[in-house]
Amino acid sequence: MERAAYLSALIGRPWAVDGTGPDRFSCYGLFRLLQADLWSRPLPDVHVPADASRRWIMEMIARHGERQRWGEVEMPHGIITATDGAAVLMARVDRSAHIGAWLAGEGRIIHADDRIGVVVETPAEIRARGWGRLRFYHPASQD
């Protein structure tokens with residue numbers, strides 16, 4: 001299946017706290033599927049309890065071993081220099097609580113939002129919805 005058709009088929013699928021697809025997705029479940037299917041990067045499964053708080057999610061993201069395998073992308077003068085498939089960690093304040101994947105060719109981020117499901121948005125649209133801090137990461141082999 002071509003990329004555009006693959007991505008279009010995901011848009012609008014609902015969010016679920018521990019959704020790994022194909023019908024429902026958490027933000028990490030979608031990110032994990034995309035990494036495997038589009039960029040051939042298998043990632044570990046992470047179980048998120050149904051009663052997980054934002055604080056639990058932030059702490060899990062900060063301490064998870066997989067995070068050490070990704071390096072932050074330098075963004076001179078705010079210009080996004082990340083390559084296709086980069087992880088986008090999003091925060092409302094200073095600690096990440098959400099993840100998406102950078103679609104370089106489209107200039108957009110695909111992510112599973114807890115209110116609207118799988119969506120593709122520009123960084124400006126994501127910031128306007130309250131995710132004021134976006135940080136981009138490449139797998140360590142691309143640093």
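1. T122 and its burial. In this predicted model, T122 counts as buried because its relative accessible area is 18%, which falls under the 20% cut-off. The residue is part of the loop that runs between β5 and α4 (123-128). Leaving aside residues up to four places away in sequence, T122 touches G107 and R108.

2. The sheet as a whole. Where does each strand sit in the order of the open sheet? The six strands follow the order β1-β6-β2-β3-β4-β5, and the pairing is antiparallel. β1 (70-72) and β5 (117-121) are the edge strands, as each of them pairs on one side only. From one strand to the next, the twist averages 30°. As a general point for reading such a sheet, side chains in a regular strand alternate between the two faces.

3. The β5 edge. β5 runs antiparallel to β4, and five bridges join the two strands. One position to look up is A112, whose bridge partner in β5 is V118.

4. Strand β6 and its two neighbours. β6 covers residues 133-139 and is mostly covered, with five of its seven residues buried. Three bridges join this strand to β1, and the two run antiparallel. Here W70 stands opposite P139 of β6. β6 is also joined to β2, by five bridges, again in an antiparallel arrangement. In that pairing, A87 stands opposite Y137 of β6.

5. M90 in β2. Is M90 buried or exposed? M90, a residue of strand β2, is buried because its relative accessible area is 0%, under the 20% cut-off. Which residues does M90 touch, not counting those up to four places away in sequence? The contacts are S96, A97, H98, I99, G100, I109, H111, I126, W131, R133 and L134. M90 and M58 make a useful pair for seeing how the chain folds back: they are 32 residues apart in sequence, while their C-alpha atoms are 10 Å apart in space.

6. The largest pocket. Its volume is about 540 Å³. Thirty residues line this pocket, and the closest to its centre are C27, Y28, M60, I61 and I99. Which elements give two or more residues to the lining? They are α2 (27-39), α3 (54-63), β2 (87-91), β3 (98-103) and β4 (108-113). α3 gives the most, with four residues. By class, the lining of the largest pocket divides into 20 nonpolar, four polar and six charged residues.

7. The cavity. Rolling a probe the size of a water molecule over the atoms shows where empty space is left. How many cavities of 30 Å³ or more does the count give? The count comes to one. The largest cavity has a volume of about 50 Å³. Its lining is made up of V17, D18, G19, T20, S26, Y28, G29, R32, D45, V46 and V48. Four of the lining residues are nonpolar, four are polar and three are charged. Y28 deserves a second look in the structure: this residue lines the largest cavity and is also among the residues closest to the centre of the largest pocket.

Methods. Residues numbered from 1 in each chain as written. Predicted model: local features only at pLDDT ≥ 70, side-chain atom pairs only at ≥ 80, totals over all residues. Heavy atoms only, no water. 1 Å grid on protein atoms, 1.4 Å probe; cavity = no way out; pocket = protein on both sides within 12 Å on 5 of 7 lines; lining within 4 Å. Points joined across faces, edges and corners; volume = space filled by probe spheres on them. Nonpolar A, V, L, I, M, F, W, Y, C, P; charged D, E, K, R; others polar. Pairing = 2+ DSSP bridges. Axes fitted to C-alpha atoms, helices over the stretch in contact; angles between N-to-C directions. Buried < 20%, exposed > 50% of the residue type's maximum accessible area, 1.4 Å probe, protein only. Contact = heavy atoms within 4.5 Å.
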